[in-house]
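User: Please take a close look at the largest cavity in this structure, and at what else helps me place it. I am new to this model, so a connected account would suit me best.

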Amino acid sequence: MSAVIAITLSALAMSVIVGVRYLAASGGFALATRMRHPGLYKGLDAQVRREIAWSLASAAIYGMPAGVLAWGWQHRGWTRVYTGTHAWPLWYLPVSVFLYLAAHDTWFYWTHRWMHRPRPFRIAHALHHASRPPTAWAAMAFHPVEALTGAVAIPLLVLVIPIHVGALAIVLATMTVMGVTNHMGWEMFPPALWRGPIGGWLITASHHQRHHERYGCNFGLYFRWWDKMCGTDRGVGDFTRSHAAAGKVRAPTAADAQV
């Protein structure tokens with residue numbers, strides 16, 4: 001089998017894996033939502049179908065660079081991903097997870113803010129904000145342009161920062177869970193966490209909900225430090241008000257992009 005065919009198959013396989021991971025994670029939290037808050041997504045069937053369709057398209061885009069590098073890692077040693085425990089000391093395992101999350105958060109914050117400039121917002125990011133309110137299915141509901149900005153983050157990191165394959169799995173799991181739970185319309189963590197000192201620096205659904213309410217604030221993914229340093233942190237959102245307004249709010253426009 002030629003390398004081109006093998007790389008193509010790897011990219012296709014990874015796209016399927018990302019799509020299945022999305023369906024499992026979003027489906028699981030959507031089921032949890034139905035059990036915990038029955039009727040929360042009532043009347044949003046058309047929106048959910050749209051979110052799933054765009055998310056599966058995004059999964060295909062996310063899978064392509066990941067599949068290429070997965071092949072390169074196995075056959076050419078292109079990445080800094082390692083499997084043994086001898087390459088780096090054990091203390092580096094949690095450090096590498098933090099480095100990846102911090103770097104990914106930085107990339108997300110600044111690309112997300114760029115997406116809220118009027119032209120990129122109108123072309124691409126308005127699609128994501130068309131979910132009003134977002135549901136657990138909206139985690140990857142992106143325009144292809146936005147999906148591309150997200151799809152390259154982790155592949156770029158594995159080229160430069162060493163990480164154990166198990167630690168990388170933790171990063172990917174964290175990215176998936178945070179992406180889904182931040183959009184599902186309710187807070188699964190106890191108030192003592194997200195209202196306390198830890199919540200002052202970590203992003204949960206309550207913090208990201210405010211972004212979907214006001215648009216020009218709360219741009220981070222995992223941590224609140226960029227929002228705090230750049231003056232874009234506006235605290236936490238109001239789930240009750242957001243869902244009461246569902247289906248009654250006009251579609252987002254470029255005027256909503258930045259405040």
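Analyst: The account below starts with the cavity, then turns to the pockets, the unusual backbone sites and the confidence of the model.

The model is predicted, and the chain averages a pLDDT of 91. The structure holds three cavities of 30 Å³ or more. The volume of the largest cavity is about 480 Å³. Its lining is made up of 28 residues, and the closest to the centre of the cavity are Y62, F108, A139, F142 and L221.

Several helices take part in this lining. Two or more residues each come from α1 (3-36), α3 (92-115), α4 (118-129), α5 (144-151) and α7 (165-181). Among the contributors, α3 has the largest share, with six residues. By class, the lining of the largest cavity has 13 nonpolar residues, 13 polar residues and two charged residues.

The pockets can be described in the same terms. The largest pocket holds about 500 Å³ of space. It is lined by 21 residues, of which M14, A66, I154, L168 and L172 are the closest to its centre. The elements that each give two or more residues to this lining are α1, α2 (45-75), α5, α6 (153-160) and α7. The lining of the largest pocket divides into 18 nonpolar residues, two polar residues and one charged residue. Some elements therefore need to be read twice: α1, α5 and α7 are listed for the largest cavity and are also listed for the largest pocket.

The second largest pocket has a volume of about 230 Å³. Its lining consists of A30, T33, R34, H37, P38, G39, L40, Y41, K42, D45, V48 and W137. Both α1 and α2 supply at least two residues of this lining, and the largest share, three residues, comes from α1. In this pocket the lining has six nonpolar, three polar and three charged residues.

The backbone has a few sites to look at next. Most residues other than glycine have a negative phi, and most peptide bonds are trans. The peptide bond from R132 to P133, however, is cis, with omega near 0°. P133 is found in the loop between α4 and α5, and both of these helices give two or more residues to the lining of the largest cavity.

Two further sites lie in another loop, the one between α9 (205-214) and α10 (225-230). Y215 is in this loop and has a positive phi of about 70° although it is not a glycine. N218 is in the loop between α9 and α10 as well, and its phi, near 50°, is also positive in a residue other than glycine. Are these two residues buried or exposed? Y215 has 3% relative accessibility and therefore counts as buried, since the cut-off is under 20%. N218 has a relative accessible area of 0%, so N218 is buried too.

Last comes the confidence of the model. In this chain, 92% of the residues score a pLDDT of at least 70. Residues 246-250 stay under 50, and for this stretch the model has seven contacts beyond four places in sequence.

Methods. Residues are numbered from 1 along each chain as its sequence is written. This is a predicted model: local features need pLDDT of at least 70, side-chain atom pairs count only at pLDDT 80 or more; totals for chains, interfaces and linings use all residues. Side-chain values use heavy atoms; hydrogens and water are left out. On a 1 Å grid over the protein atoms alone, a cavity is a set of points where a 1.4 Å probe fits but cannot get out, and a pocket is an open set with protein on both sides within 12 Å along at least five of seven lines; lining residues have an atom within 4 Å of a point. Grid points are joined across faces, edges and corners, and a volume is the space filled by probe spheres set on the points. Helices (H or I, at least four residues) and strands (E, at least two) are DSSP runs, numbered from the N terminus. Ala, Val, Leu, Ile, Met, Phe, Trp, Tyr, Cys and Pro count as nonpolar, Asp, Glu, Lys and Arg as charged, and the others, Gly among them, as polar. Buried means under 20% relative accessible area, exposed over 50%, partly exposed in between (1.4 Å probe, protein chains only). pLDDT is the predictor's confidence in each residue, from 0 to 100. Contact means heavy atoms within 4.5 Å.
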